[in-house]
Amino acid sequence: MSTNKKYWKGVEELHDSPNFVESKNKEFSEYLPAEDFLGDKGLLEGSKTNRRDFLKYLGFGVTAASLAACETPVNKVIPHVVKTDKANPGVANYFATTYSDGNDYAEIIVKTREGRPIKIDGNKQSPLTKGGVNARINSSVLSLYDEKRYRAPQIDGSDVSWSKFDSAFKAELEKAITKGGSIRILTNSISSPSTLRLVKEFADAYPDADIKHVTYDSVSHGAAIEANKEAFGKAQLPSYNLSKAHSIVSVGADFLSSLPNSVGLTAQYAATRKPENGWISKHFQFESSMSLTGSNADVRVPLKPSEQAAVLANLYNELAAQLGQPSMSAPKTPYSAKIKAAAKHLLAHKGESIVFAGANEISAQKMAVAINYMLGNYGNTIDIDRAVYLKQGVDSEVTALVKEMNSGQVDVLMMAGVNPVYNLPNDLNFSDALAKVGASLVFADRPSATTKSVKYIAASHHYLESWNDQQPVKGHFSLAQPTINPLFDTRQMQDCILNWMGRNEDYYTYLRNNWKETAFTQQSAKLLFDDFWNSCLHDGFFTVSTEGEALSYSLDATSLSVPKTESKDWEIEFYQKVGIGDGSQAHNPWLQELPDPISKMTWDNYIAMNPSDAREQGFATEYGEQKDADTINITINGVVFENVPVIAQPGQAKGTLSVAVGYGQPLGKSDELVGFNVYPATSSKGGRLNYTNQVSFEATGETYQVATTQTHQTIMGRDSVVRETDWSTYKNGDKDDYNPPHMIAMHEGPKPLGDVDLWAKHPVESAGHHWGMSIDLSSCIGCGACVTSCNSENNVPVVGKDEVRRSREMHWIRIDRYFSSEEDRVPEDDQSYTLMEVAEDNPSVVHQPMMCQHCNHAPCETVCPVAATTHSNEGINQMTYNRCIGTRYCANNCPYKVRRFNWFNYQAYSKFTDFNPSTDDLGRMVLNPDVTVRARGVMEKCSLCVQRIQEGKLTAKKEGRKVMDGEIQTACSSACPTQAITFGDLNDQNSKVLAEARGDRSYRVIEEVGTQANVYYQVKVRNTESNIA
Amino acid sequence: MKFLTAKSTLPFLGLLGMFTFFSLSSTSLKAQEDGEKLFKSYCASCHSAGNNQLVGPGLAGVYDKYEREWLYKWIKNSQSLIESGDQQAVAVYEQYNKVLMPAQPVNNEQIDAILTYIKDYNEKAPAAEAATADAGEVEQVEVESSDNTTYIALGLVLVLLILISVLRKVQYSLSIVEAKKRGEDVPEEKGMKDALAHWVQTNKTIVALMGIVVIALIAKAGWDTAINIGVYTGYEPEQPIKFSHKLHAGTNGIDCQYCHTSASYSKSAGIPSANLCMNCHAYIQEGPQYGKEEIAKIYAALDFDPVTKTYGPNTKPIKWVKVHNLPDHVYFNHSQHVAVGKINCQKCHGPVETYTVGKQHESLTMGWCINCHRETKVQMEGNGYYDEIHERLPENLKKQYLEDGTITVSELGGIECAKCHY
């Protein structure tokens, strides 16, 4: 290996703290109280069950169990009365549709079985999202089967029929219209052309009344919209094309997870990270909290959020000086070396670069526009004309609406897709304003903070039950079609509006007619509208080429400025977590249990702090089942949060804090809140800024239990787990420089690993299939889409916070996140660790997906006493649940620690009913019928999606042809938005996976123990600073 | 015993009577068979042989109502007969809503055969009822005789016990005689219990051996019971409709996949939806055994009115009882076996075409599955999938795998765990 790095999974490992050293060799971190119990004589004698009773119970239990087993089950089989053509039991149907919730967007394929949607994958044909999804999108299928969904519309909190609801609300509307009152429609960003047209028609239908549509976004991008308006005269967001960008500079923008169309951006970004292309992009990230994007950067500079504008200004000046343009006034920053490097790289790739700004601050956004313009990126990597409509909210509009409501002028307020009581800043005081509205209505599919304070609740469809269309980007249209009949007595917003307008048509007809008038006329390939409609519905999207308009750019250096900020000790940034996003799916247990890619925390938000800051403040920096986090009382913008946990987060800039929005909402069937809601602390002054220095805190001296997966599954000091190199070594060097073979010491000298084997060769090579996988560490960004995809494909149970704390999470695939620091920075005689602290302040990160490696010489197989885990002749390590007796020997003997044990009957045990979806009949509808639901006491692990392999083989057999390469995809490989995971047949000489497995970057994790894994990893290649390409 | 003989002669007499009947009417038997076949292929889609109306009128009595020559003309080409202005023809045409009967490609002899069949069909209906009544009695007799075996066994045991006690008495008397002869004291008579204890004391080896045998038998019985838990060979639940596979698949020769449509492409073979039944039962409104009663249940499910032939909105699905229940942790795919393996349905489901009530023919245990996978040759010919697999094999492995010239399912990994359990 070219780098001599030390990898560590957490601060405790880096420092080899006594607690860590003690616990690192223990697989089970929990404390077992057996000694206490057996040693306590009083307890033993006081127990009322004696040995004889025990034997009686045992005998009775065994007899009862055997008798129960003897009972013949009578199963009913109920066929359709009239079967439709495509509804075949046992055969999956796939529908192209669209996910768009105002925050995330993806074109998706929904798999349905027996009429139930059970799995969401990306639409591989989509030119926009390129078959990618993120964790939030592929988990959204679970929300459909949420116990808490509204079953019927409600007036004043009680269920009513739709006819009653309609007449009551229509009366309210008529009252307002006749008196010429004002009706307001408050929504999130609607990118559906048909819905927008309908809303406009509704407004136009009643010219006497004052009807207005107001848009706001939970997480605002208003500043960027306004900056573009100032620069180009168009209040809209541009679309980016990262796939051509050789140089990417992001100042605080988490474009891989939080920007509009982040799924599409991720796919484009990944295209620039494949070393086999002959080039890779160089990515600079200036940010305060470590974001998913920042963890993938080649150069990452931690700074305070308020310094972002200064960095942009200095970057502007640096470039302007080189390009001979006027400079702007810019304060000094301590990051000039990094800024110079970024400027140099940007200049070397003019027109092939992108600069992002993350702050919701007009001055910063304007500078980013100016820099991109100066670099000639518009027309190349940025297209201002192909506008992105996914975020349209301008913050001043909602502020004006609240003012209007407060004055009592609003007669009717209708809300859709928003939760303003929950996510508007406290200083707007939306709930008080809502009380002054004549009649309020919300379209919602489940209770929220807002539904509690409105009179009318129009129970809405889930998006998988609805018709809709979207125009995420100008000229690109997509359709959303229902994949299931409505489960409850619900109705989508558009149908309600049509009904209230007295229009005798449903939204489906309206949608079709709108497409007939608009999209159909923009193409000539299909002559009949029905043909056109059916092909669009089949494909899921329709694209027209738009004519580019001439740009009229009107920003100059004088219009740019850096806002003055008062320097304070602490600044706090509000960010979106990869799992929870803006919080619209906080009720989804799959997402709550998805470990954060950086902190590996589950089931909570928290205040993140730099580890050395935390140590200075006397807060705990190590967490586990026995190690709780400290709590603080924190005041942000005047809003007090009591007893919230503080987490030491490597990479967090010193003097900064960060906290995730979207939490503080009830989960599942309980009313218990998960985390705390910080939206009220965002301020509406000057737009909704995503950071503030109005923050102070004090320690409470109390502790809080956190559930982290961080220190579990340690790498046991083995350094052959992760391999990485830099671009120049990769490009100019030999394979041995960055990926040397393992040598085994023999008495005749060292021998390559492949030449030495104690075992007979497993006969999987060249006979039949040999399934294998290749994972590119260069492409993997650690987003976790594979984890949630695997959950839904393989019926992985949700275990809840308490069990995660005990390291009993059941995920079949996890993403190991290793921090690393240059070890050679530490002199050998330095025992003070002070220099290592520097590394801890800004470590580099490797994300490594880890699942069963399907070893050809599997250590687990040889220790199973009942042969419940065996090897197939197709190279799969098979796990047979009905044979497993739960000795857990296999898990003990697995060097990768990927086997998970079912400690409980998660489907039935009362501990899990509040959040495990498969504890009720509705939640069970999401289960994949082809995969066994595992019982208590058995081991489970990644099966390499054997059900998909079997299905793919069977399809090929039925069609009498060979299995095509790429035809069979595992759940993780199909979900991956960066195509980091390749699955295929290693016995197929033309397969992509074989080419990758034989490639120079290919290695296997802990290969030296001779497991001969069928999962290959590709060495991570960074474009690091010392080797600017 | 006397009673038994008297009863069992009854069916014999019945059989004798039937034999005489058939031998007398054997000339018409051949014609009747042909007639039935012809009727089913040409007429049955629109006419019933009885009185009920389908598309056209029921044909009972048609042979007496019309002249034979007129019938020939009508059946061969009714249209030309109507057009020729034949009064009778026009009357029939008008009577049945001016629905034209299509011309049938049959000759006069065939028409005669059909008419004979229709005549026989209507005359035989009461006779058939009598026959079923007979069959019922036969069954009853069988039940009684099986009860008798138990009585006989119990009787035998009783006789043996009496014999033992008599022999013991005899032995005791003899021992008294012998003792008196020898001049010894008369021995006391031992109780049954004491005698048994004495015997056990003196014959320990035999007792031990018997003990071992008894324990082995109990263990065997226990094992057999345990291994059959969850095995329901012969499971034959009562169904909501008395559907007979024998009639549909056997007598009428309907292909299995006509109803179980998804067997060739889905994991489940599929229970036909009620609308599929209507492909035939829109016309066939009366069955040979239960008349209209059972078929009416299909109509009830579909809310179908057989008179007006209209469908109503109040449908309700038929709740069949599942016969073949696999545990949830087993993945079984019909299409793999039917479309790829080209296995006959009967291989697993038995001679379904002879079942009046659906039943489980095989044990459906894992041993049964594996055994078949070990023995069954893979149908490789003409399947590109297997050609590819075959091509990949290097020479040495080809030799190893193709030693016996055949490839069984298990040789391709067909008995590995994850082929069925995942």
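# Asking what earns each label

Me: What makes the contact between chain A and chain B, and how many residues come from each chain?
Reply: In this predicted model, 44 residues of chain A and 50 residues of chain B take part in the contact. The test for a contact is C-beta atoms within 7 Å.

Me: Which elements of chain A give two or more residues to the side that touches chain B?
Reply: Those are helix H5 (51-70), strand S2 (76-77) and helix H31 (946-959) of chain A. The largest share, 6 residues, comes from H31(A). Sorted by class, that side of chain A has 18 nonpolar, 18 polar and 8 charged residues.

Me: Why do you say that S2(A) and strand S3 of chain B pair?
Reply: Pairing takes at least two bridges. S2(A) and S3(B) (residues 320-321) have 2 bridges, in the antiparallel sense, so they count as a pair. One residue you can look up there is A:Lys76, whose bridge partner in S3(B) is B:Val321.

Me: What about inside chain A: how do you know that S8(A) and S9(A) pair?
Reply: Same kind of check. Strand S8 (residues 182-187) and strand S9 (residues 210-215) of chain A are joined by 6 bridges and run parallel. At least two bridges are needed, so the pair qualifies. A:Arg184 stands opposite A:Lys212 in S9(A).

Me: And what kind of unit do S8(A), helix H9 and S9(A) make?
Reply: A right-handed β-α-β unit, with helix H9 (residues 193-205) of chain A as its helix. It gets the name right-handed because, with the strands pointing away from you, the path from the first strand over the helix to the second runs clockwise.

Me: What makes S13(A) and S14(A) the edge strands of their sheet?
Reply: Strand S13 (299-302) and strand S14 (353-357) of chain A each pair on one side only. The sheet is an open one of 4 strands, in the order S13-S12-S11-S14 (chain A), with parallel pairing. Neighbouring strands in it are turned by 5° against each other on average, direction ignored.

Me: How many bridges hold S12(A) to S13(A)?
Reply: Strand S12 (residues 282-287) of chain A is joined to S13(A) by 4 bridges, running parallel. At least two are needed, so S12(A) and S13(A) count as paired. Within that pair, A:Phe286 stands opposite A:Val301 in S13(A).

Me: Which strands does helix H13 of chain A lie across?
Reply: Helix H13 (residues 308-323) of chain A lies across strand S11 (247-251), S12 and S14 of chain A, at about 145° to S11(A). Helix H14 (residues 336-348) of chain A packs on the sheet too, touching S11, S12, S13 and S14 of chain A, with its direction at about 140° to that of S11(A).

Me: Why is A:Arg149 called buried?
Reply: The cut-off is 20 or more other C-beta atoms within 10 Å. A:Arg149 has 21, so buried is the right label. Find A:Arg149 in the loop between helix H7 (140-144) and strand S6 (154-155) of chain A. Leaving aside neighbours within four places in sequence, A:Arg149 is in contact with A:Asp445, A:Arg446 and A:Phe488. A:Phe488 is 339 residues away in sequence, yet 8.6 Å away in space, C-alpha to C-alpha.

Me: Why does A:Val1021 count as buried?
Reply: Run the count again: A:Val1021 has 25 other C-beta atoms within 10 Å, so it is buried. A:Val1021 sits in strand S46 (residues 1020-1022) of chain A. Not counting residues up to four places away in sequence, A:Val1021 touches A:Pro275, A:Ile280, A:Thr725, A:Trp727, A:Tyr730 and A:Ser778.

Me: What share of the 1029 residues in chain A is buried?
Reply: Buried residues make up 55% of chain A. Among contacts in chain A with a separation of 6 or more, 74% join residues 24 or more positions apart.

Me: How far apart are domain 2 and domain 3 of chain A, and what does their contact take from each?
Reply: The assignment puts domain 2 at 222-388 and domain 3 at 571-708 of chain A. Their centres, taken over C-alpha atoms, are 27 Å apart. The contact takes 19 residues from domain 2 and 21 residues from domain 3 of chain A. On the domain 2 side, helix H10 (222-232) and helix H12 (292-295) of chain A each supply at least two residues. That side of domain 2 divides into 7 nonpolar, 9 polar and 3 charged residues.

How values were computed:
Residues numbered from 1 in each chain as written. Chains lettered and ligands numbered in written order. Predicted model: local features only at pLDDT ≥ 70, side-chain atom pairs only at ≥ 80, totals over all residues. Buried ≥ 20, exposed ≤ 12 C-beta atoms within 10 Å, placed from the backbone. Contact = placed C-beta atoms within 7 Å. Axes fitted to C-alpha atoms, helices over the stretch in contact; angles between N-to-C directions. Nonpolar A, V, L, I, M, F, W, Y, C, P; charged D, E, K, R; others polar. Domains from an automatic or database assignment.
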